[in-house]
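Work through these short exercises with the model open beside you. Try each task before you read its solution.

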Amino acid sequence: MLRKDSSLVPGTSSLVKSQGPIIRTMLDCAEDIMLEWYHKFGSNKNNKSMQVSIFKSEKHSQFTVNFNGMSSLESVIMKKKERLKKNQTADCGSVLIYPPFRDIYYSFGNMEEKIFAILENLRSQHPLFNIVMTGHSLGAAMATMCAARYAIHFPMINVSCHVFGSPRVGGVSFHKLCSILPNLKIIRLENISDPWVFFPEGAKWSHVGHSVVLRTPSSSFVEISKRKPFQARAYKFDMYHPGKRPSWPSIGQKKKFKSAHDIITYVRAIEQFTHLGYPWIKGFCGKKGKEQ
């Protein structure tokens, strides 16, 4: 449903019509989800834009901030030249962010400022609500950066970051920063066949938070330790994570893995638990691949 008070969302009927696939999909997730704010940053030229939506759930007492990037993760990683830059994050010193992601995050001018201001306005009406940042692919990288920075600026607010098919956003310093923030919890959902979650490559780039590795319905992956299929495995701070990127013969054949990275593949994987009755994970995996 949409807000009856459209002061934060002007032209809501035309918004749903023009951005139907984005807005309607979120609104269909649950009966109590309400659209509170939407803004498109950037322009349609060369697909250089970022769509940000904020939804409210009374049932879960939370605001969900969704990032939807119009550029593909492949184009960002493969076409942009890497430049070493450091991002000053509040009072926690300099942390290394993958330059293309950092450039995109700040290329939209006051995107962060607007999001923080809207959330503060909404939380003034619902002071006990928590914040959830989410996104897929490039949107996941933006959500991760925004969640970390929001957690730093507002240390008394619990911030969760639930992302899908996320690349490695920063270096070891960014990993350490996210790990020491007591009000930040990051969970990454990864398709076992998705190669893009291992990019950018190189020892200096690191994932953040915990990971949940999903087996998609079309995947033939067999867990080595048990020799039988699994649907999901969770790894605390990636400890004992398989950590092996699906191999490909050449750079030119990376397109064949596009479907493994598509959001619809992640939706189908999750529907195994929400619609087909598969049991959800109960704990993190240990050294032998078993839940502890």
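The exercises below go from the sheet to its strands, helices and loops.

This is a predicted model, in which local features need pLDDT of at least 70 and side-chain atom pairs count only at pLDDT 80 or more, while totals for chains, interfaces and linings use all residues. Residues are numbered from 1 along each chain as its sequence is written, and side-chain values use heavy atoms, leaving out hydrogens and water.

**Exercise 1. Trace the open sheet and find its edges.**

Step 1. Find the strands, which are DSSP runs of E with at least two residues; helices are runs of H or I with at least four, and both are numbered from the N terminus.
Step 2. Apply the pairing rule: two strands pair if DSSP finds at least two bridges between them.
Step 3. Read the order: the eight strands run E1-E2-E3-E6-E7-E9-E11-E12, and the pairing is mixed.
Step 4. Look at the ends. E1 (33–42) and E12 (232–235) each have a single partner strand, so one side of each lacks a neighbour in the sheet.
Step 5. Add the turn. On average, neighbouring strands are turned by 15 degrees against each other, direction ignored. For such angles, axes are lines fitted to C-alpha atoms, for helices over the stretch in contact; angles run from 0 to 180 degrees between N-to-C directions.

**Exercise 2. Describe the surroundings of strand E9.**

Step 1. Start with E7 (residues 159–164). It runs parallel to E9 (residues 184–191), and six bridges join the two.
Step 2. Locate residue pairs. Val159 faces Leu184 of E9, and Phe164 has Leu189 as its bridge partner.
Step 3. Turn to E11. Five bridges pair E9 with E11, also in the parallel sense. Here Arg188 stands opposite Ser211.
Step 4. Check the cover. Six of the eight residues of E9 are buried. Buried means under 20% relative accessible area, exposed means over 50%, and partly exposed lies in between (1.4 Å probe, protein chains only).

**Exercise 3. Place helix H9 against the sheet.**

Step 1. List the contacts, meaning heavy atoms within 4.5 Å. H9 (residues 263–274) touches E6 (130–136), E7, E9, E11 (210–214) and E12.
Step 2. Give the direction. H9 makes about 100 degrees with E9.
Step 3. Pick a residue. Ile264 lies in H9. Its relative accessibility is 42%, so Ile264 counts as partly exposed.

**Exercise 4. Decide how covered helix H4 is.**

Step 1. Count. Of the nine residues of H4 (residues 99–107), seven are buried.
Step 2. Name some. Among them are Pro99, Phe101, Arg102 and Tyr105.
Step 3. Look just past the helix. There, Gly109 has a positive phi of about 65 degrees.

**Exercise 5. Find the unusual backbone angles in the loops.**

Step 1. Take Ser61, in the loop between E2 (49–57) and E3 (62–69). Ser61 is not a glycine, yet its phi is positive, about 50 degrees. At 29% relative accessibility, Ser61 is partly exposed.
Step 2. Take Phe237, in the loop between E12 and H8 (258–261). Its phi is also positive, near 50 degrees, in a residue other than glycine. Phe237 is partly exposed, at 39%.
Step 3. Finish with Pro200, in the loop between E9 and E10 (205–206). The peptide bond from Phe199 to Pro200 is cis, with omega near -5 degrees.
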